[in-house]
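Trainee: Could we go through this one together? I'd like to start with a detail and then work outwards.
Mentor: Of course, let's put it on the screen.

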Amino acid sequence: MYKGRRKIPEINSSSTADIAFLLLIFFIITTSMDPEHGLFRRLPPFLNENPQSLDLKMKERNVLNIYINSEDRLMCGEYYIGMNQLRQRAKEFIANPGNKKDLPEKHAKDIPFFGNVMVTDNHVISLQNDRETNYQAYIDVQNELVAAYSELRNELAQEKWQKNYSELEEDQQKAIREYYPMRISEAEPKKYGGN
Amino acid sequence: MIRRFNRTDYHKVPTLNTASLPDIIFILLFFFMIVTNMHEIKLKIDFKVPYATELKRLEKKSLITHIYVGKPTEELQKKMGTESRIQLNDRFVDISEIQDYITQERANLTEEERSLMIISLDIDRDTQMGIVTDIKQALRKAGALNIYYSAESLE
């Protein structure tokens, strides 16, 4: 009888909202929302032997040399070019659509989805810069090169699946990456004249 | 007309039930805790990352080590000059210290995580490449090969 009449006292929870609000405001102030973005790159492993000897093993037609001098001017092969021409040059070099003699040689390769195709999987884009090059100029070049690759990959994906590269399945992306492997070499630093 | 105005006097506004308010706020709180990231270290340098368009989002935050490069902040410039400096965690370091530091960091990771370790290079856009090249050489020697050039999207 007595037991039944006893009520459990209620806890007043009207202030939990305030407490939660305080925590919320604390977190909004101390943290930052801006997601971090960047250009992903894999460095070559460090080798003790003279790196120049490695470069020599590559055939000349397979290498695209890009220099950025201390005044942020761009040299592609033997010519000065503008930043806006770089993407086109790089695309032509990577894909070698006309199978030209002075552009990278093509190999037959078995790639899933594509079968036996001719790819330029030995090409290398070699990027060299001066110690006084501006970092922004360097990133601009990196960005253009990545853009050249992603344009080629997108074109291939559109042709094959009528979709963009980023919308493809994982194994389809892998096949495309095999078709156009990204090969940008960040060569050993050298000192180039600024004039 | 008069009757209509008078009616409001005995018409009480119903109280709003706020019992679920804490739950809503808590959900917001958890959302912010998950989505945002804390700035644990105090930056002693000013840097504005370069612009780029082909960006990828940085993932797996626990495996990332940041290296900051830029000019010291204005208060510190009197002491240190305006030369570009490298900041690792809480202090300025010399190029020669980077390799040891990164090797140490790698040793703290498990075997599988070691190859996934990412170095994020947060470098001011007006830095000269010399210092960047030196850092890259140090990273190669330390065996940390995955790097991110931190950049801002250009819109």
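Trainee: Which residue takes a positive phi in the hairpin of E6(B) and E7(B)?
Mentor: That is B:Asn89, whose phi is positive and near 50 degrees, in a hairpin with two residues between the strands. Do keep in mind that this is a predicted model.

Trainee: How many bridges join E6(B) to E7(B)?
Mentor: Three bridges join them, and the two strands, the second of which covers residues 91-93 of chain B, run antiparallel. Within that pairing, B:Ile86 stands opposite B:Val93.

Trainee: And what about strand E5 and strand E6 of chain B, how do they run?
Mentor: They are antiparallel as well, with three bridges between E5 (residues 64-72) and E6 (residues 85-88) of chain B, and here B:Gln87 of E6(B) has B:Tyr68 opposite.

Trainee: Switching to helices, at what angle do the axes of H4 and H6 of chain B cross?
Mentor: They cross at roughly 35 degrees and come within 9 Å of each other, and the crossing is right-handed. On the H4(B) side the contact includes B:Ile95, B:Ile98 and B:Ile102, while H6(B) brings, among others, B:Ile135, B:Ala138 and B:Leu139. Sorted by class, the contact has seven nonpolar, two polar and three charged residues.

Trainee: OK, chain A now. What is the strand order in its open sheet?
Mentor: The five strands of chain A run in the order E5-E4-E3-E8-E9, and their pairing is mixed. Strand E5 (79-81) and strand E9 (184-186) of chain A each have a single partner strand, so one side of each is left without a neighbour in the sheet. From one strand to the next, the twist averages 30 degrees.

Trainee: In which sense do E8 and E9 of chain A pair?
Mentor: Those two pair in the parallel sense, over three bridges, with A:Leu127 opposite A:Glu186 of E9(A). Helix H4 (residues 83-95) of chain A packs on this sheet, where it touches strands E3, E4, E5 and E8 of chain A, and its direction makes about 20 degrees with that of E4(A).

Trainee: Why are H4(A) and H5(A) called oblique to each other?
Mentor: They pack at an angle of about 45 degrees, with their axes 9 Å apart; angles that are neither under 35 degrees, nor over 145, nor from 65 to 115 count as oblique, and H4(A) and H5(A) are therefore oblique to each other. The crossing is right-handed. Residues of H4(A) that take part include A:Leu86, A:Ala90 and A:Ile94, and those of H5(A) include A:Val141, A:Leu145 and A:Leu152. By class, this contact has eleven nonpolar, no polar and five charged residues.

Trainee: How many residues does each chain put into the contact between A and B?
Mentor: Chain B supplies 45 residues and chain A supplies 41 residues. On the chain B side, H2(B) gives the most, with nine residues, and by class that side has 23 nonpolar, 13 polar and nine charged residues.

Trainee: Which strand of chain A is joined by bridges to E9(B)?
Mentor: Strand E2 (residues 37-42) of chain A is, through five bridges and running antiparallel to E9(B); A:Arg42 has B:Asn146 as its bridge partner there.

Trainee: Last thing, which element of chain A has the lowest mean pLDDT?
Mentor: Helix H3 (residues 51-57) of chain A has the lowest, at 55, whereas H5(A) has the highest, at 88. For chain A the mean pLDDT is 79, with 86% of its residues at 70 or more. Where pLDDT is low, the predicted coordinates should not be read in detail.

Note on methods: Residues numbered from 1 in each chain as written. Chains lettered and ligands numbered in written order. Predicted model: local features only at pLDDT ≥ 70, side-chain atom pairs only at ≥ 80, totals over all residues. Contact = placed C-beta atoms within 7 Å. Helix = DSSP H or I, 4+ residues; strand = E, 2+ residues; numbered from the N terminus. Nonpolar A, V, L, I, M, F, W, Y, C, P; charged D, E, K, R; others polar. Pairing = 2+ DSSP bridges. pLDDT = per-residue confidence, 0-100. Axes fitted to C-alpha atoms, helices over the stretch in contact; angles between N-to-C directions. Left-handed = near helix turned anticlockwise from the far one by under 90°.
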